[in-house]
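Student: Hey, could you walk me through this fold? I'd like to get my bearings before I go back to the bench.

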Amino acid sequence: AGAAPELAAGWAAQLAPVQHLAGTGAVTARGLARDVTIDPASTGDAGADTPMVVQVVQMLRDYVAAPLPEEPVGKGARWQRLSSLEARGSRAAQTDTYTLVDLDGAQGTLDDTIAQTASPQALPSPPGAPAAPPATLDSLLTSATAKIRFDLGRLVPDTSLVGTTSMSVSAPRSQMSMVMRLGIQVQGTPP
């Protein structure tokens, strides 16, 4: 709401290839997605190797999960997962701190506290953009919380995430700082 029309149109174009994705995958006993494949027909004209489609598959495989630790845990258990994220040549480090809120058989609820940082780095130009002097990511800090309701019989857990990202980017003669507040609702559907 309130975004510039050009910005909204740009996001809509980025998300179009993933709007109707379909595919298959499996969930391990630890809540991790494995063998995720996308039905190429569900990507429309974009194709399965479109950056946004590749990113969604990576998210399903590595991040949209209810990752339980290897050792047995019970209600109230806490653990961390450290991961390295890469998207279009940019890198960030992420720490997830999980708390098992509820567990009933193969279903349960996790609280996730997320912290994400990135060190200064060159940013690649977007695909198809005209040649321009390189931009630099000067700083990135994200903090978020998520409530994850999982069922190990389903690939995608129901997730509600609220977070804030602060970012500073510079180019040879300009600098931009922004704060982005994000709310995401992910709901898996049965096959």
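Tutor: Here is a chat about the strands, a charged pair, some contacts and a cavity.

Student: Before we start, is this an experimental or a predicted model?

Tutor: It's a predicted model.

Student: OK, how many helices and strands are in the chain?

Tutor: The chain has two helices and nine strands. Going along the sequence, the order is α-β-β-α-β-β-β-β-β-β-β.

Student: And what share of the residues counts as buried?

Tutor: Of the chain's 191 residues, 31% count as buried.

Student: Let's start with S1 and S2. Which way do they pair?

Tutor: Antiparallel: S1 covers residues 23-27, S2 covers residues 33-38, and four bridges hold the pairing. For a landmark, look at Thr24, which sits opposite Thr37 in S2.

Student: What does the turn there look like?

Tutor: S1 and S2 make a hairpin with five residues between them, and Gly31 in that turn has a positive phi of about 85°.

Student: Where else does a glycine take a positive phi in a hairpin?

Tutor: Try Gly105, in the hairpin of S4 and S5, where phi is positive and near 65°. That hairpin has two residues between its strands. S4 (residues 90-104) and S5 are antiparallel too, with 11 bridges between them, and Asp104 faces Gln107 of S5.

Student: Which other strand does S5 pair with?

Tutor: S7, again antiparallel, through 12 bridges. One pair to click on is Ile114 with its bridge partner Ala144 in S7.

Student: Switching topic: how many salt bridges are counted?

Tutor: One. Lys147 pairs with Asp111, and their closest N and O atoms are 2.8 Å apart. Lys147 belongs to S7 (residues 135-151) and Asp111 to S5 (residues 107-118), so the pair links distant parts of the chain, 36 residues apart.

Student: Why would those two side chains pair at all?

Tutor: Side chains of opposite charge can pair when their charged atoms come close. Here the 2.8 Å gap between Lys147 and Asp111 falls within the 4 Å cut-off for a salt bridge.

Student: Is that pair buried or exposed?

Tutor: In between. Lys147 is partly exposed because its relative accessible area is 27%, and Asp111 is partly exposed as well, at 28%.

Student: Staying in S7, what about Ser139? How exposed is Ser139?

Tutor: Ser139 lies in S7 and is partly exposed, at 33% relative accessible area. Its C-alpha is 8.7 Å from that of Gln121, with 18 residues separating the two along the chain.

Student: Now the tryptophan. Where is Trp79, and why does Trp79 count as buried?

Tutor: Trp79 is in S3, residues 78-87. Trp79 counts as buried because its relative accessibility is 11%, and the cut-off for buried is under 20%. From Trp79 to Tyr98, C-alpha to C-alpha, is 5.4 Å in space, though they are 19 residues apart in sequence.

Student: OK, what about the last two strands? How many bridges join S8 to S9?

Tutor: There are 13, joining S8 (residues 158-171) and S9 (residues 174-186) in an antiparallel arrangement. A hairpin through two residues connects S8 to S9, and Val162 stands across from Gly183 in S9.

Student: Gly163 is right after that. Buried or exposed?

Tutor: Gly163, which is found in S8, is buried, with a relative accessible area of 9%. The C-alpha atoms of Gly163 and Ala115 are 9.5 Å apart, with their positions 48 residues apart along the chain.

Student: Which residues make the nonpolar patch on the surface?

Tutor: Leu182, Ile184 and Val186, and the patch comes to about 200 Å². Val186 is in S9 and is partly exposed, at 30%.

Student: Those numbers go up in twos. What do side chains do along a strand?

Tutor: In a regular strand the side chains alternate between the two faces of the sheet.

Student: Last one: how much space lies in the largest cavity?

Tutor: About 50 Å³. It is lined by 10 residues, and those closest to the centre are Val27, Gly31, Phe150, Arg154 and Pro157. You've met Gly31 already, in the turn between S1 and S2.

Notes: Residues are numbered from 1 along each chain as its sequence is written. This is a predicted model: local features need pLDDT of at least 70, side-chain atom pairs count only at pLDDT 80 or more; totals for chains, interfaces and linings use all residues. Side-chain values use heavy atoms; hydrogens and water are left out. Two strands pair if DSSP finds at least two bridges between them. Patches are made of residues with over 30% relative accessible area and no salt bridge: like charges are joined within 9 Å, nonpolar side chains (Val, Leu, Ile, Met, Phe, Trp, Tyr) within 5 Å. Accessible areas come from the Shrake-Rupley method with a 1.4 Å probe; for residues, only the protein chains shown count as cover. A salt bridge is a side-chain nitrogen of Lys or Arg within 4 Å of a carboxyl oxygen of Asp or Glu. Buried means under 20% relative accessible area, exposed over 50%, partly exposed in between (1.4 Å probe, protein chains only). On a 1 Å grid over the protein atoms alone, a cavity is a set of points where a 1.4 Å probe fits but cannot get out, and a pocket is an open set with protein on both sides within 12 Å along at least five of seven lines; lining residues have an atom within 4 Å of a point. Grid points are joined across faces, edges and corners, and a volume is the space filled by probe spheres set on the points.
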